[in-house]
Amino acid sequence: VPAPEWAFWMSDERMNAAPEAMRGAFQNVRRVFGPVAANVKRFEPGAEVAAVTEAAMRGELDFFGALTARAQLLAGLPYETALDICRALPLMPGARETVQGLRERGCRVVVFSGGFREATRHHARVLGADADFANFLHVQGGLLTGRVGGEMMAEAKGEMLERLQGLLGIAPEETLAVGDGANDLSLFAHARLRVAFRAKPILREAADHCLDEKDLRSVLGLLG
């Protein structure tokens, strides 16, 4: 019997630069990289990013439009600085233990993100996930251009999950999907167990289970 696939969406709050993480990351950059503080200071779009992110997660905005709007706010930021910020983003409590627990159960763990692979790639490796799929920030001359590309747009998460299921020989009945926003609905269409984790109402309505505790280990409790 194939191992179940676990489609795991890292929270928009962690991977899509919500205000607390974004502001804290920029503050850390200024403390650690003192000489570049003057260049970084003007890139603090926390409030604007937060407003767009929240509306998109509620399903009120076109996903592509919301994503490009957020990326445009970062135009001119040095790419290396963006990488440092992404690597400094905090993980959701219990993330390490949850991934470890799933792998011990024979699961394959895949991260799907409508955010940026500059963040997901690093954290997927830290967590020991099998793979990650996300969008990417366009770079020219070492600076972010404000443009974005990639496959994780709108319904793409579900389509990618379906392709992986076909490739790995894993059925929807063997799949667990965990999400928190409107663009995770497409994942739910291809999973038997659908979990809304600290999610927006639009996703909670489609979920089998709603988890509100800020600890991903609560997901393991659903597997017995």
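**Group meeting: cysteines, confidence and cores**

A search of the whole structure finds 0 disulfides, a disulfide being a pair of cysteine sulfur atoms within 2.5 Å. What we have here is a predicted model, in which local features need pLDDT of at least 70 and side-chain atom pairs count only at pLDDT 80 or more, while totals for chains, interfaces and linings use all residues. Residues are numbered from 1 along each chain as its sequence is written, and side-chain values use heavy atoms, with hydrogens and water left out.

On confidence, the mean pLDDT of the protein is 78, and 72% of its residues reach 70 or more; pLDDT is the predictor's confidence in each residue, from 0 to 100. Over residues 1-43 pLDDT stays under 50, and for this stretch the model has 116 contacts beyond four places in sequence, a contact meaning heavy atoms within 4.5 Å.

Turning to two cysteines, Cys86 counts as buried at 10% relative accessibility, whereas Cys210 is partly exposed at 35%; buried means under 20% relative accessible area, exposed over 50%, and partly exposed in between, with a 1.4 Å probe and protein chains only.

The largest nonpolar core has 19 residues, and among those with the most contacts inside it are Leu176, Val178 and Phe197. Such a core is a set of buried Ala, Val, Leu, Ile, Met, Phe, Trp, Tyr and Cys residues joined through side-chain atoms within 4.5 Å. A second, separate core of 15 residues includes Met152, Ala177, Ala196 and Ala199.

Finally, Phe63 is buried, with a relative accessible area of 11%, and Phe63 and Glu155, 92 residues apart in sequence, are 9.4 Å apart in space, C-alpha to C-alpha.
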